[in-house]
Amino acid sequence: MRDPLVEVLYNRDLGGGYFALGLLDPVLSREARPGQFVMIEVASGRRVVPEPLLRRPFSVQRSVETPRGAGYQVLYRVVGAGTTLMSRLREGDQVHALGPLGRPFTPADPGGVSFLVGGGVGIPPLVALADTLDRGPVPPRYEVFLGVRSAADAPCFDGFVEARAGGVHIRTDDGSLGQRGTAVQALVERWDRDGGPPAGARVYSCGPMGMLRAVARACEGRGVPCEISVETLMGCGLGACMGCVIRARDAGTRPDLSPYDRWLLACVRGPVFDSRDVDLDAGPPHP
Amino acid sequence: MHPSPPSPVDLTVRIGPLTLANPVMLASGTAGYGPELSGVLDLSSLGGFVTKGIAREPWEGNSPPRLAETHAGLLNAIGLQNVGLDRFLAEKVPFLRELGTRVVVNVIGRTIEEYVEVSRALDSCDAVDALELNVSCPNIKHGGIQFGTGPEGASRVTAAVRAATRKPLWVKLSPNVGDIAEVARAVEGAGADGLSLINTLLGMAVDLDRRRPILANVHGGLSGPAIKPVALRMVWQCFRAVGIPIVGMGGIWTARDALEFMVCGARAVQVGTASFANPRAAAEVLDGMGQWCRDQGIPRIADIVGTLEA
Ligand SMILES: Cc1cc2nc3c(=O)[nH]c(=O)nc-3n(C[C@H](O)[C@H](O)[C@H](O)COP(=O)(O)OP(=O)(O)OC[C@H]3O[C@@H](n4cnc5c(N)ncnc54)[C@H](O)[C@@H]3O)c2cc1C
Ligand SMILES: Cc1cc2nc3c(=O)[nH]c(=O)nc-3n(C[C@H](O)[C@H](O)[C@H](O)COP(=O)(O)O)c2cc1C
Ligand code: FES
């Protein structure tokens with residue numbers, strides 16, 4: 001893991017408050033695994049004491065090749081002070097970006113079928129995963145289920161607009177794009193229609209907490225292994241501040257678990273967890 | 001003709017019996033147990049490393065949200081989640097032994113006996129150069145006791161631990177007190193070899209629209225540049241009140257911040273929250289301190305300690 005000062009290749013306004021930030025970093029572009037993230041110094045170089053003080057975590061969405069060199073892209077939505085500053089970055093600006101951080105998704109078995117289930121700004125790490133699957137030694141078998149609130153959030157689908165092996169299913173809460181409904185509903189309908197999940201099924205998911213709860217329930221009820229990537233508030237990304245915790249499953253009742261291990265550091269033990277290892281109902285009331 | 005190379009600045013400082021290669025350490029709770037920052041920061045270049053607080057048993061810590069940013073500050077209510085003494089010795093000490101810098105263990109407890117037991121166990125641990133008693137964590141209350149908030153409690157725990165260890169003993173004071181100099185004097189009288197100050201200031205952050213506190217614990221400890229003026233004032237007051245060395249911290253972001261602490265009486269400093277924004281902050285602070293001394297023609301950094309003219 002490194003913390004280089006990297007050059008902004010571009011910072012494209014995709015509309016609807018979404019931006020795609022390209023950063024020049026051949027090493028990270030090569031080394032980052034799907035599901036890993038970077039901590040970006042959003043208030044870089046503005047003042048001695050930055051405002052906001054802390055960096056912000058973002059998933060690596062995809063590698064990019066440019067005439068200037070290899071790098072990677074982050075897809076983000078402007079939601080507060082940090083992302084507002086980020087949206088003002090210009091080509092040629094420099095920022096510190098620490099990474100790659102965290103535990104990535106576990107690579108799929110060659111014979112299995114992967115289901116990628118994403119919501120909103122949780123979709124970007126699934127692009128990285130699909131890209132990796134596409135590059136695998138055997139023809140990949142995977143299907144993608146994506147959900148957002150409305151057509152205005154279509155920039156989230158960046159990276160899944162091009163054809164993907166097993167197809168991309170899109171749902172919106174209001175039906176303004178694709179069918180009305182949620183990504184998890186679409187996944188469950190799909191399985192129900194086929195009389196259950198296929199043998200070797202495996203789910204990878206990232207999105208808002210409500211979606212992760214639903215996908216974990218759907219998978220655990222059907223015996224399908226499910227990895228989820230959680231978003232918590234992160235102070236350092238390195239395991240040093242202990243701010244980013246998520247509750248371990250059955251933490252209070254497992255005699256084998258040290259009290260220390262009841263709260264797991266999402267930045268180093270995650271952000272990707274086996275859904276059965278965490279309790280998504282405890283903890284921060286994040287949307 | 002070549003200009004003669006600038007003579008190197010002597011950066012060593014002494015905290016009681018302990019000599020540090022330079023005055024910059026990483027503050028407790030902001031750098032984990034060592035490995036966390038070591039991928040991006042050469043810990044052996046620093047004067048010392050202070051571990052996360054260690055209790056006799058592992059502690060669970062508080063529910064999240066545990067962090068809230070404020071203007072120029074950070075509120076935390078981690079609740080001292082820690083691996084506990086046994087696992088610290090088994091899993092963390094081997095790394096610390098090879099660190100190549102001074103290792104200071106931050107000790108916490110819910111009772112005086114717990115402080116004593118941890119300190120006694122660490123007394124025989126060769127990897128540990130000093131103990132820093134955290135009598136001042138604002139996020140833990142047990143039976144209404146907060147040792148650090150009064151001179152009696154702080155000196156009681158200091159005296160009890162003093163009797164249990166020969167390691168250099170630093171006591172980390174809470175700023176959430178009326179008269180910091182009084183607490184400092186009490187702790188000195190109880191046998192402390194040094195003072196660390198300051199810990200975080202009790203604070204709160206509010207989500208106005210939802211009318212809820214942002215931290216699950218409601219209140220937390222404020223750190224970062226916002227608390228530097230308070231920390232400087234307390235270092236200066238304690239410097240004038242006691243004879244034992246002082247380790248200063250609170251909002252250090254730049255070399256100049258650190259040097260201000262030294263001029264106010266700190267022999268060494270710790271960098272905390274700044275490492276979150278920039279994991280190499282401590283190394284950059286150290287570089288800048290050496291540069292400032294060269295620019296000022298100061299051969300020994302220890303000479304600036306307490307030189308404030310006031
Ligand atoms: C591992 C990880 C990967 C991420 N990847 C992406 C990504 O690829 N694209 C993207 O757009 N965002 C991503 N995020 C979320 C992103 O980090 C936050 O949106 C960002 O930190 C907000 O910063 P801000 O200063 O703009 O907002 P703030 O002013 O800090 O917060 C604005 C609002 O957003 C909420 N919020 C802040 N952080 C989070 C969070 N982590 N989860 C949920 N709500 C939050 C706050 O409570 C507040 O209501 C990721 C988060 C994590 C932990
Ligand atoms: C997230 C966090 C965790 C901390 N944990 C501890 C701790 O375990 N023990 C302790 O004595 N101080 C702890 N502190 C206090 C710091 O060591 C330091 O005294 C304080 O943050 C002021 O310095 P700073 O402004 O440079 O951060 C913690 C601070 C932060 C921000
Ligand atoms: S973000 Fe600091 S420990 Fe996870």
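Start by selecting A:Arg247 and A:Trp263: these two residues stand opposite each other, with A:Trp263 sitting in strand 15 of chain A. Keep in mind as you go that this is a predicted model.

Now widen the selection to the strands around that pair. Strand 14 of chain A covers residues 245-248, and three bridges join strand 14 to strand 15 of chain A. The two strands run antiparallel. Add strand 17 of chain A and you have an open sheet of three strands, in the order 15-14-17, with antiparallel pairing. Colour the two edges next: strand 15 (263-265) and strand 17 (278-279) of chain A each pair on one side only.

Next stop, the domains. Give one colour to domain 1 of chain A, residues 5-101, and another to domain 2 of chain A, which takes in 113-231 + 271-277. If you place a marker at the C-alpha centre of each of these domains of chain A, the markers will be 24 Å apart. To see where the domains touch, look for 14 residues from domain 1 of chain A and 18 residues from domain 2 of chain A.

With those colours still on, show ligand 1 and its surroundings. Which domains supply the shell around ligand 1? Domain 1 and domain 2 of chain A each provide at least three residues of the shell. In total, 20 residues surround ligand 1, and the closest are A:Arg56, A:Pro57, A:Leu75, A:Gly82 and A:Thr83.

Switch to a cartoon view to see which elements carry the shell. Strand 4 (56-59), strand 6 (69-77) and helix 2 (81-87) of chain A each contribute at least two residues around ligand 1. Strand 4 of chain A gives the most, with four residues. Colouring the shell around ligand 1 by residue class should give you 11 nonpolar, six polar and three charged residues.

Now zoom in on the polar atoms, which are worth labelling with distances:

- Select the side chain of A:Arg56: one of its N or O atoms is 2.8 Å from an oxygen atom of ligand 1.
- Move to the side chain of A:Glu231, where an N or O atom is 3.4 Å from a nitrogen atom of ligand 1.
- Finish with the backbone of A:Thr232: an N or O atom there lies 3.3 Å from a nitrogen atom of ligand 1.

To close, turn on a surface for ligand 1. Taken alone, ligand 1 exposes 880 Å², and the protein buries 79% of that area.

How values were computed:
Residues are numbered from 1 along each chain as its sequence is written. Chains are lettered from A and ligands numbered from 1 in the order in which they are written. This is a predicted model: local features need pLDDT of at least 70, side-chain atom pairs count only at pLDDT 80 or more; totals for chains, interfaces and linings use all residues. Side-chain values use heavy atoms; hydrogens and water are left out. A residue is near a molecule or strand if one of its heavy atoms lies within 4 Å of it. A polar contact is a pair of N or O atoms within 3.5 Å; within protein, one must be able to donate a hydrogen and the other to accept it, and residues adjacent in sequence count only if both atoms are side-chain atoms. Accessible areas come from the Shrake-Rupley method with a 1.4 Å probe; for residues, only the protein chains shown count as cover. Ala, Val, Leu, Ile, Met, Phe, Trp, Tyr, Cys and Pro count as nonpolar, Asp, Glu, Lys and Arg as charged, and the others, Gly among them, as polar. Domain bounds come from an automatic or database domain assignment. Two strands pair if DSSP finds at least two bridges between them. Contact means heavy atoms within 4.5 Å.
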